[in-house]
Amino acid sequence: MNFLAHIYLSGENDLITIGNFIADGIKGKDYKKYPSDVQTGILLHREIDTYTDTHDTVRQSTRRLHDKYGHYSGVIVDILYDHFLAKNWIKYSSIPLDLYVQLFYDSLETHYDLLPIKIKQMIPFMVTNNWLLSYASIDGISRVLDGMNRRTKNRSGMDQAINELEAFYRQFENEFSDFFKELIIFSNKKLKELIINKGSYE
């Protein structure tokens, strides 16, 4: 669900960004059905997820939620981290967030034929409600968590995680900041490696 971070970490190539964005819906070797740059984005997404899931700082954030939310804790932390990226966007990009998001939506329209059916079904809701821009506010994140809870048929209680965000706001923000610095370095390095080694996985 941390769409904004994955988009940001893809660099400036639109097709790599599209690949990173759709990657959760591409299983196993199905990525090979896509154009070369989209493949790179899908593989980058997988590398980022593995790095994130095993990172000590992320686990520290997740532990704060685990007793109450169990295996949904990682999903919640992903969402909270996207909030801090959006909120502190000016630290990471010279392009204003509203313009950056609109350019991404334009790219989705341009490359619509590449999108899996589930993504195509999601796009109207994403654009109409401007999910990526809404991440910057507490209200926006609250709506995202509420939507995720409804997806689990209210079993996860994820809508309540806004309480933990407010109670431990500074801790979560500091953990995000420390982690994201390292993630940027990792992602840039991994992206270069994937581009260099492109011929080996096509």
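Me: Which way does α2 pass α3, in a left-handed or a right-handed crossing?

Reply: Keep in mind that this is a predicted model. Helix α2 covers residues 14-22 and helix α3 covers residues 36-53, and their axes are 6 Å apart. As for the hand of the crossing, α2 passes α3 in one that is right-handed.

Me: Is α2 roughly parallel or oblique to α3?

Reply: Start with the angle: α2 and α3 pack at about 45°. Angles under 35 degrees would count as roughly parallel, and 65 to 115 as roughly perpendicular. The α2 and α3 angle sits in neither range, so the word for α2 relative to α3 is oblique.

Me: How many charged residues are in the contact of α2 with α3?

Reply: On the α2 side you'll find Leu15, Ile16, Gly19, Asn20 and Ile22. The α3 side brings Asp37, Val38, Thr40, Gly41, Ile42, Leu44, His45 and Ile48. Sort the residues of this contact by class and you get 7 nonpolar and 5 polar, while the number of charged ones is 1.

Me: What about α4 and α11: are they roughly parallel or roughly antiparallel to each other?

Reply: Helix α4 spans residues 56-69, and its axis comes within 9 Å of the α11 axis. The two cross at roughly 155°. Anything over 145 degrees falls in the antiparallel class, so α4 and α11 are roughly antiparallel.

Me: Which residues of α11 make the contact with α4?

Reply: From α4, the contact uses Thr57, Val58, Gln60, Ser61, Arg64 and Leu65. Counting both helices, the contact divides into 4 nonpolar, 4 polar and 2 charged residues. The α11 side is made by Gln171, Phe172, Glu175 and Phe179.

Me: How many polar residues does the contact of α5 with α9 have?

Reply: Helix α5 (residues 73-87) and helix α9 (residues 138-151) cross at roughly 155°, with axes that come within 10 Å. Val75, Ile76, Ile79, Leu80 and His83 of α5 meet Ile138, Ile141, Val144, Leu145 and Met148 of α9. By class there are 9 nonpolar residues and no charged ones, and the polar count is 1.

Me: Which helix gives the largest share of the largest nonpolar core?

Reply: That core has 64 residues, and Phe21, Met126, Leu132 and Phe180 touch the most other members. Its largest share is 9 residues, and they come from the helix of residues 169-196, α11.

Me: Which residues is Phe180 in contact with, leaving aside its neighbours within four places in sequence?

Reply: Phe180 is one of the core residues that touch the most other members. With those sequence neighbours set aside, its contacts are Ala5, Tyr8, Leu9, Leu85 and Tyr92.

Key: Residues numbered from 1 in each chain as written. Predicted model: local features only at pLDDT ≥ 70, side-chain atom pairs only at ≥ 80, totals over all residues. Heavy atoms only, no water. Core = buried A, V, L, I, M, F, W, Y, C linked by side-chain atoms within 4.5 Å. Buried < 20%, exposed > 50% of the residue type's maximum accessible area, 1.4 Å probe, protein only. Helix = DSSP H or I, 4+ residues; strand = E, 2+ residues; numbered from the N terminus. Contact = heavy atoms within 4.5 Å. Axes fitted to C-alpha atoms, helices over the stretch in contact; angles between N-to-C directions. Nonpolar A, V, L, I, M, F, W, Y, C, P; charged D, E, K, R; others polar. Left-handed = near helix turned anticlockwise from the far one by under 90°.
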